[in-house]
Amino acid sequence: MTTVGDFMTTRLVTMDANDTLTAAAQEMRDSAIGDVVVTDGDDVVGIVTDRDITVRGVAAQRDPDRTTLRQITSTDLVTVSQYDDAVAAADLMRTYAVRRLPVMDGGRLIGLISIGDLAVEREPQSVLANISADDPNN
């Protein structure tokens, strides 16, 4: 059985829920990533993606310098353990229509698994795996 811990991403970027959309977008650009894990103190409260900033922020005509991550973060967070089966993680993504799952251990964030990570691991010849394994182009 392949577990989530076998191929989760451990290079995480977290930001406070009170940080602005502009700060998150700049962090994503500077770190060449498409998402940040949103925290409130020690608690993981969500994930914000570059698409969230675009759709829930810019397209909704929110001021990116005044809108906080808390205001656009979905509160229904689905998480997994590093010991969970990779297929079960994929099933959770499908069931909840999410592309990323925080990996938690005893209430502490230790990683992130994405649909791209699963594709690289489970279907390495797929188009999604090829895109996901490639260097970022931003």
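Let me begin with helix α2, residues 50-58, in this predicted model. Its buried residues are D52, I53 and G57. Viewed down the axis of α2, these buried residues fall within an arc of 100°, so they line one face of the helix. As a general point, an α-helix has 3.6 residues a turn, so residues three or four places apart point the same way.

What do the buried residues of α2 pack against? Their partners are α1, β3 and α3, the last of these spanning 69-72.

I turn next to the pair formed by α1 and α2. Their axes come within 10 Å and cross at roughly 150°. Angles over 145 degrees count as roughly antiparallel, and α1 is therefore roughly antiparallel to α2. The crossing of α1 past α2 is left-handed. On the α1 side, the contact is made by L21, A24, A25 and M28; on the α2 side, D50, I53 and G57 take part. I53 and G57 thus appear both among the buried residues of α2 and in the contact with α1.

Let me now describe the sheet. It is open, with 3 strands in the order β1-β2-β3 and mixed pairing. β1 (14-16) and β3 (43-49) stand at the edges with a single partner strand each, so one side of each has no neighbour in the sheet. From one strand to the next, the twist averages 35°.

Strands β1 and β2, the latter covering residues 35-40, run parallel and are joined by 3 bridges. Within this pair, M15 stands opposite V38 in β2.

Finally, helix α1, residues 21-31, packs on the sheet and touches β1, β2 and β3. The direction of α1 makes about 135° with that of β2.

Technical notes. Residues numbered from 1 in each chain as written. Predicted model: local features only at pLDDT ≥ 70, side-chain atom pairs only at ≥ 80, totals over all residues. Heavy atoms only, no water. Pairing = 2+ DSSP bridges. Helix = DSSP H or I, 4+ residues; strand = E, 2+ residues; numbered from the N terminus. Axes fitted to C-alpha atoms, helices over the stretch in contact; angles between N-to-C directions. Contact = heavy atoms within 4.5 Å. Buried < 20%, exposed > 50% of the residue type's maximum accessible area, 1.4 Å probe, protein only. Arc of directions from axis to C-beta. Parallel < 35°, antiparallel > 145°, perpendicular 65-115°, else oblique. Left-handed = near helix turned anticlockwise from the far one by under 90°.
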